[in-house]
Amino acid sequence: MNNRRVVITGMGVVAPNGTTVLDFSNAIKTGSSGIQYIDELKQLKFSCQIAGKPNYNNTYLNNYFNNVQLKGLNASGLEYGVIAGLDAWKDAGLPIADKTENPFWDAGIIFGTGVLGVDKFREAIYKVDDGNVRRLGSTSVIQTMASGISAYLGGMIGCGNITTTNSSACSTGTEAILMAYDRIVANKAEIILAGSTSDSGPYVWGGFDAMRILPHKYNDNPTAASRPMSATASGFVPGSGAGAMVVESLESAQKRGASIHAEILGGHVNSGGQRNGGSMTAPNSIAVQKCIKQAIINAEIEAKDIDLINGHLTATTKDVLEIENWCTALGRKEKDFPYINSLKSLVGHCLAASGSIESVATVLQLKEDFVFGNINCEDLHPEISAIVDRERIPVKTITKPLTIAAKASFGFGDVNACIIFKKYS
């Protein structure tokens, strides 16, 4: 039994359809898509010329970086992660340690990514190849090392506890939040800023285009392209951004008088070992089901208690299999199935950032008692409609009292993560 209760006291997000939590919340409630046509992809002869990319002016960065940090900055994932992370920290009402003081020994950073600073790395390659290595600048390493995001945030805030970066493909963000939860439950920290980030751009998305798993028939109609659970789904739309949460012990939050967004009851992380149908790109269904079941056990709830699922659901052929796995793991189907939605219909697949951004969306729904609609899912896949009642997959936002929600992510490499959130009371 978990002796320590763990809560969320701060949130930040940089998503294709909103770069503040308020804007993001309004966008998911109204079904506003952040997927757009990107001319650069056409010029580079991509088949899929659309993506979910956060939008802000460069001057916006002045709110988060000083002039020294901005010099030579060319790493979108680092930008997104810093913005989301600092916004979450501010939302939690936490201070920044003075440079002359000790760091916050009980506060840490667990902030994941898949790759970081791809554009900066490309810039560095060209300078090295041209014999201009001395012109790389002093920040090339920081912008391109995976742990640059956690190092950046840890130094900006002044954290003295664990400061690290995890990387587990599409499961990265959900895993980071669970790692923070585990560390606090183990009494090794009081506060962890957890989240994940993913770069934008052709050098991140190109490999997926080469795999022919991105939709290429919607370049003239970008917002209709991402179609999770739809009969006409034709692949995932690439996305990018960052999500962040301040994960804190209840004792610490109460002592500070902090506002609380939700409680984390527990979760689980596992792998299918790329066996029994699992591969680098496909899930082992038994492992997925075990991950969900063990998350429920660790959260000390029952399957019937789950009101809402925010799924992984990428708009590929595996959507049907994911729904089948949820039905089997929960022992629930048809009208008894929880409400379920996929944020990817609105922002695309934000890769390593998907789990954290989608966790923010899950907590917002719990806190404000709504289920956002699955756009582009009017033509529900017949194999899904055969096992889950249509009403459980709303296409428009509905108001609904919610208490417990499950968020799951399933990533390349046959890795899985499932976390259970509860409305705080």
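**Surface, salt bridges and pocket**

Gly160 comes out as partly exposed, with a relative accessibility of 29%. That value sits between the 20% below which a residue counts as buried and the 50% above which a residue counts as exposed. The model is a predicted one, so everything below is read off predicted coordinates. As for its place in the chain, Gly160 is in the loop that runs between helix 7 (148–157) and strand 5 (163–164). Its C-alpha lies 9.0 Å from that of Ile109, although 51 residues separate the two in sequence.

Another such pair involves helix 8, the element that holds Asp182. Here the C-alpha atoms of Asp182 and Val6 are 9.3 Å apart, with the two residues 176 positions apart along the chain. Asp182 itself is partly exposed, at a relative accessible area of 47%, a value under the 50% cut-off for exposed.

Next, the salt bridges. In general, side chains of opposite charge can pair when their charged atoms come close. With 4 Å as the limit between a side-chain nitrogen of Lys or Arg and a carboxyl oxygen of Asp or Glu, the model has 15 salt bridges. One of them joins Glu190 to Arg4, with 2.8 Å between the closest N and O atoms. Glu190 belongs to the loop between helix 8 (172–185) and strand 6 (191–198), while Arg4 is in the segment before strand 1 (6–14), so this pair ties together parts that are 186 residues apart in sequence. Arg4 is buried, at 11% relative accessibility. The pairing is also part of something wider: Arg4, Glu190 and Glu251 are linked in a network of salt bridges.

A second long-range pair is Asp379 with Arg227, whose closest N and O atoms are 3.5 Å apart. Asp379 sits in the loop between strand 11 (370–371) and helix 15 (382–385), and Arg227 in the loop between helix 9 (202–210) and strand 7 (241–249), so the bridge ties together parts that are 152 residues apart in sequence. On the accessibility side, Arg227 is buried because its relative accessible area, 11%, is under the 20% cut-off. Asp379, by contrast, has 26% and is partly exposed.

Then there is Arg256, which forms a salt bridge with Glu248 at 2.9 Å between the closest N and O atoms. Glu248 counts as buried, with 0% relative accessibility, whereas Arg256 is partly exposed at 31%.

On the nonpolar side, a surface patch is made up of Val141, Ile142 and Met145, which together have about 230 Å² of accessible area. Ile142 is in helix 6 (residues 140–144). Its relative accessible area is 32%, which makes Ile142 partly exposed. Patch members need over 30% relative accessible area, so Ile142 at 32% clears that bar.

Two residues that are not glycine have a positive phi. Lys45 has phi near 65°, and Glu334 has a phi of about 50°. Lys45 is in the loop between helix 2 (39–43) and strand 3 (50–52), and Glu334 is in the loop between helix 12 and strand 10 (339–341). As for accessibility, Lys45 is exposed because its relative accessible area of 75% is over the 50% cut-off, while Glu334, at 43%, is partly exposed.

That leaves the largest pocket, which holds about 630 Å³ of space. It is lined by 36 residues, and the closest to its centre are Thr281, Thr314, Thr316, Thr317 and Lys318. Which elements give two or more residues to this lining? They are helix 12 (318–330), strand 13 (404–411) and strand 14 (415–422). Helix 12 makes the largest contribution, with five residues. Sorted by class, the lining of the largest pocket comprises 18 nonpolar, twelve polar and six charged residues.

Technical notes. Residues are numbered from 1 along each chain as its sequence is written. This is a predicted model: local features need pLDDT of at least 70, side-chain atom pairs count only at pLDDT 80 or more; totals for chains, interfaces and linings use all residues. Side-chain values use heavy atoms; hydrogens and water are left out. On a 1 Å grid over the protein atoms alone, a cavity is a set of points where a 1.4 Å probe fits but cannot get out, and a pocket is an open set with protein on both sides within 12 Å along at least five of seven lines; lining residues have an atom within 4 Å of a point. Grid points are joined across faces, edges and corners, and a volume is the space filled by probe spheres set on the points. Helices (H or I, at least four residues) and strands (E, at least two) are DSSP runs, numbered from the N terminus. Ala, Val, Leu, Ile, Met, Phe, Trp, Tyr, Cys and Pro count as nonpolar, Asp, Glu, Lys and Arg as charged, and the others, Gly among them, as polar. Patches are made of residues with over 30% relative accessible area and no salt bridge: like charges are joined within 9 Å, nonpolar side chains (Val, Leu, Ile, Met, Phe, Trp, Tyr) within 5 Å. Accessible areas come from the Shrake-Rupley method with a 1.4 Å probe; for residues, only the protein chains shown count as cover. Buried means under 20% relative accessible area, exposed over 50%, partly exposed in between (1.4 Å probe, protein chains only).
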